[in-house]
Amino acid sequence: TINPGARIHFHDQSGIFVKNGGSIQVKGTASPTATPLLNEVIFEGDRLEPAFAETPGQWGMIYLAEGSKNNIFDHTTIKNATVGVFVDKQEATSTVQIKNTQIYNTSNYGIIARKGKINGENIVVNNAGKSSLACILGGTYDFLHCTFANFWASGTRQSPTVYLDNSYTQNDAVLVFPQLQANFANSIIYG
């Protein structure tokens, strides 16, 4: 459990790995002012000099492994990672809750989910080297009042802002996984 106002700093290639049976509950709360975000939980790199304030890829990711459960992110900022949140095979076990959260400046993906199950509400994911949101190999995803934008300026980006796919090509054979269901209500996809 991570309480309101916590600041979590990561060194190069480090991150959080939530294993089978484990749980992460980030319980930030609304801050009285937009700056500084006193009650919000912030995950970022350990390079705090102004020159690194918006530099992508400074640390690894938050990885939610198959079998992890009750994973919650509320009033959270995740910035300057390689991948913001990787949700792996949560479909049968538990729904990942992401609310009132912003994820930005990731060198690969803001959120990537493989056979995932995510409920997102009031989140912003922007500036990713690949996709702001990638839902692959099936899964169930519900997003309400969310913005997925990509204004990546650190090189050429070839991937779409939001990528949804329930197939995989291996040795020239296309493998199709169970249905991918993605609902976006009152949300913005741009870039």
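Strands here are DSSP runs of E at least two residues long, numbered from the N terminus. Keep that in mind for the first stop, Val26, which is found in strand 3 (residues 25-27). One caution before clicking: this is a predicted model.

**Whole chain**

Start with everything shown as cartoon. You should be looking at 16 strands and 0 helices. The radius of gyration is 16 Å, close to the 16 Å the globule rule gives for 191 residues, so the chain is as compact as a globular protein of that length. Along the principal axes, the C-alpha atoms fill a box of roughly 50 × 35 × 35 Å.

Switch on a surface if you like. About 9,300 Å² is exposed, and carbon and sulfur atoms supply 50% of that. Of the 191 residues, 43% are buried. If you draw contacts between residues at least 6 apart in sequence, 62% of them join residues at least 24 apart.

**Val26**

Now select Val26. Is this residue buried or exposed? At 0% relative accessibility, against a cut-off of under 20%, Val26 counts as buried. Leave out the neighbours within four places in sequence and show what Val26 is in contact with: Ile2, Val41, Phe43, Ile72, Phe73, Asp74 and Thr76. Keep Phe43 and Phe73 on screen for the next stop.

For a sense of scale, pull a distance from Val26 to Gly138. These two are 112 residues apart along the chain, and their C-alpha atoms are separated by 26 Å.

**The largest nonpolar core**

In soluble globular proteins, nonpolar side chains tend to be buried together. Here the largest nonpolar core has 32 residues, and Phe43, Leu64, Phe73 and Ile118 are those with the most contacts inside it. Color the contributing elements: strands 4, 5 (62-64), 6, 7, 8, 9 and 10 (133-144) each give two or more residues to this core. Which strand gives the largest share? That would be strand 9, with 5 residues.

Center on Leu64 next. Setting aside residues up to four places away in sequence, Leu64 touches Val18, Ile24, Asn71, Phe73, Val85, Phe86, Val87, Asp88, Gln90 and Val96. One of those, Phe86, belongs to a second, separate core of 7 residues that also includes Ala65, Tyr109 and Ala134.

**Salt bridges**

How many salt bridges are there to find? The count comes to 3, and here is a route through them.

- Pick Glu44 and Lys79: their closest N and O atoms are 3.5 Å apart. The pair links distant parts of the chain, with Glu44 in strand 4 (residues 41-45) and Lys79 in strand 6 (residues 72-79), 35 residues apart. Both Glu44 and Lys79 are buried.
- Go on to Arg114 and Asp88, whose side chains meet at 2.7 Å, N to O. This pair also links distant parts of the chain: Arg114 sits in strand 9 (residues 109-128) and Asp88 in strand 7 (residues 83-88), 26 residues apart. Arg114 counts as partly exposed at 26% relative accessibility, whereas Asp88 counts as buried at 4%. You have met Asp88 already, among the residues that Leu64 touches.
- Finish with Arg47 and Glu49, where the N to O distance is 2.9 Å. Arg47 counts as partly exposed at 39% relative accessibility, and Glu49 counts as partly exposed too, at 34%.

**Asn105**

Select Asn105, in strand 8 (residues 96-106). With a relative accessible area of 6%, Asn105 is buried. What does Asn105 touch, not counting residues up to four places away in sequence? Show Glu54, Pro56, Gly57, Asn80, Ala81, Asn126 and Asn127 and you have the set.

**A nonpolar patch on the surface**

For the last stop, bring the surface back and select Phe151, Ile188 and Tyr190. Together they make a nonpolar surface patch of about 350 Å². Zoom in on Tyr190, in strand 16 (residues 188-190). Tyr190 is exposed, with a relative accessible area of 51%; the cut-off for that label is over 50%. Toggle back to Val26, buried at 0%, to see both ends of the tour.

Key
Residues are numbered from 1 along each chain as its sequence is written. This is a predicted model: local features need pLDDT of at least 70, side-chain atom pairs count only at pLDDT 80 or more; totals for chains, interfaces and linings use all residues. Side-chain values use heavy atoms; hydrogens and water are left out. Helices (H or I, at least four residues) and strands (E, at least two) are DSSP runs, numbered from the N terminus. Buried means under 20% relative accessible area, exposed over 50%, partly exposed in between (1.4 Å probe, protein chains only). Contact means heavy atoms within 4.5 Å. A salt bridge is a side-chain nitrogen of Lys or Arg within 4 Å of a carboxyl oxygen of Asp or Glu. Patches are made of residues with over 30% relative accessible area and no salt bridge: like charges are joined within 9 Å, nonpolar side chains (Val, Leu, Ile, Met, Phe, Trp, Tyr) within 5 Å. Accessible areas come from the Shrake-Rupley method with a 1.4 Å probe; for residues, only the protein chains shown count as cover. A nonpolar core is a set of buried Ala, Val, Leu, Ile, Met, Phe, Trp, Tyr and Cys residues joined through side-chain atoms within 4.5 Å. The radius of gyration is taken over C-alpha atoms; the globule rule is 2.2 Å times the number of residues to the power 0.38.
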